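Student: Please take a close look at one helix and its packing partners, and then set that picture against the rest of the chain. I would like the conventions behind each term stated as they arise.

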Amino acid sequence: MHTQITHPESGLNEMVESPTRHESWRMFDRIARRYDLLNRLLSFGRDVAWRKQVTEFLPEGDRLQLLDLATGTTDLLISVCHGSGRIENATGLDMAEKMLRVGQKKIVRERLNDKSSLVRSDAQSLPFTDNSFNAITIAFGIRNIPDVPKALREMTRVLKPDGRAIILEFSLPKNRLMKRLYLFYFRHILPRVGSLISGDAYAYRYLNQTVESFPYGQEFCSMMEEGGMKIVGLKELTFGVASIYTGEKPATKLFGSGKRD
Ligand SMILES: C[S@@+](CC[C@H](N)C(=O)[O-])C[C@H]1O[C@@H](n2cnc3c(N)ncnc32)[C@H](O)[C@@H]1O
């Protein structure tokens, strides 16, 4: 499918391929160099504060094994490792090699290389055995994965019993005025600024279209439950522009009727 976009500089119209989540990681490889700068600019620095809040939802216990999915340039992994002294080991996983390369440099700079490692792999088919991690985090990543139910099931599989998945993702404000203001910014200003700085018109049109079409609030909690998790928290951030969802892998299996024949 194609859609028409208007170039911010020239004002010319162009027919381009419509955004799709299929292999979205290729697009992140294209914008890897400017990704962090654009995050800070386009969220007015809020993304840093949102990632910091993820640490509050870690499960109890010391020596936690952490997996950060769709880790990208590793901002969340770094934020959680610095925010909690309880992380023994952190693994970041992403499909985009260039994002990971930027992330690896940051891990060294932050002196976290002793306890962190990065893996290039697909979140829909995790290269880990069952019950491996105490916590799985994912920031602004779940929306970009083509088969979300599959990724959620994989997260449940590799979590230890009572382990937690903490998902930070964009959502839409409930307040009607806030929602209108936000959507105006999101549809008209963000794609133009994003396109100018990254040189990639597709990427920032993709951002606003995927956010507007992705389930949030209770609808997304239901998806996590279908993936085998028990919801233990839903927190809206900055008027509901983003949300943190926390799900736990039950110590006993949630599936089945529990009836005996
Ligand atoms: C918006 S970025 C988020 C990066 C980082 N978590 C952050 O907070 O800035 C989304 C990331 O999802 C990754 N991604 C997309 N599809 C993926 C998949 N199937 N498996 C693993 N990572 C994927 C992209 O490569 C990209 O780095």
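Tutor: H1 and H7 are oblique to each other, because angles under 35 degrees count as roughly parallel, over 145 as roughly antiparallel, 65 to 115 as roughly perpendicular and the rest as oblique. The angle between H1 and helix H7 (residues 201-213) is about 120°, and their axes are 10 Å apart. Axes here are lines fitted to C-alpha atoms, for helices over the stretch in contact, and angles run from 0 to 180 degrees between N-to-C directions. On the H1 side, the contact is made by Met 27, Arg 30 and Ile 31; on the H7 side, by Tyr 202, Ala 203 and Tyr 206. Two residues are in contact if their C-beta atoms, placed from the backbone, lie within 7 Å. The contact of H1 with H7 comprises five nonpolar, no polar and one charged residues. In this classification Ala, Val, Leu, Ile, Met, Phe, Trp, Tyr, Cys and Pro count as nonpolar, Asp, Glu, Lys and Arg as charged, and the others, Gly among them, as polar.

The model is predicted: local features need pLDDT of at least 70 and side-chain atom pairs count only at pLDDT 80 or more, while totals for chains, interfaces and linings use all residues. Residues are numbered from 1 along each chain as its sequence is written.

H1 also packs against H4. Helix H1 covers residues 25-42 and helix H4 residues 97-109; their axes are 7 Å apart at an angle of about 25°. H1 and H4 are therefore roughly parallel to each other. Here Phe 28, Asp 29, Ala 32 and Tyr 35 of H1 meet Glu 97, Lys 98, Met 99 and Val 102 of H4. This contact of H1 with H4 contains five nonpolar, no polar and three charged residues. The two contacts thus draw on separate residues of H1: Phe 28, Asp 29, Ala 32 and Tyr 35 towards H4, and Met 27, Arg 30 and Ile 31 towards H7.

H1 has a further role in the surroundings of the ligand. Both H1 and helix H3 (75-83) supply at least two residues each to the shell around the ligand. That shell holds 20 residues, each with its C-beta atom, placed from the backbone, within 6 Å of the ligand, and the closest are Trp 25, Ala 70, Gly 72, Ala 96 and Ala 139. Its composition is 11 nonpolar, six polar and three charged residues.

H3, which shares in that shell with H1, has a helix contact of its own. The axes of helix H2 (residues 46-54) and H3 come within 8 Å, crossing at roughly 55°. That crossing makes H2 oblique to H3. Arg 51, Lys 52 and Val 54 of H2 meet Asp 75, Leu 76, Ser 79, Val 80 and Gly 83 of H3. Three nonpolar, two polar and three charged residues form this contact of H2 with H3.

Beyond H3, Ser 84 lies in the loop that leads to strand S4 (87-94). Ser 84 is partly exposed, with 16 other C-beta atoms within 10 Å; a residue is buried at 20 or more such atoms, exposed at 12 or fewer, and partly exposed in between, with C-beta atoms placed from the backbone. Leaving aside residues up to four places away in sequence, Ser 84 touches Thr 55 and Leu 58. Asp 62 is 22 residues from Ser 84 in sequence, and their C-alpha atoms are 9.9 Å apart.

The loop after H4, the roughly parallel partner of H1, also merits attention. Arg 111 lies between H4 and strand S5 (116-120) and has a positive phi of about 55° although it is not a glycine. Arg 111 has 11 other C-beta atoms within 10 Å and is therefore exposed. Phe 239, in the loop between strand S8 (230-237) and strand S9 (242-248), has a positive phi of about 60° and is likewise not a glycine. Phe 239 counts as partly exposed, with 16 C-beta neighbours inside 10 Å.

H5 supplies the buried counterpart to these loops. In helix H5 (residues 148-158), the buried residues are Val 148, Ala 151, Leu 152, Glu 154, Met 155, Thr 156 and Val 158. They pack against strand S3 (64-69), strand S6 (133-139), strand S7 (159-170) and helix H8 (218-226).

As a whole, the protein has eight helices and nine strands, taken as DSSP runs numbered from the N terminus (helices H or I, at least four residues; strands E, at least two). Of its 261 residues, 39% are buried. Among contacts with a separation of 6 or more, 72% join residues 24 or more positions apart.
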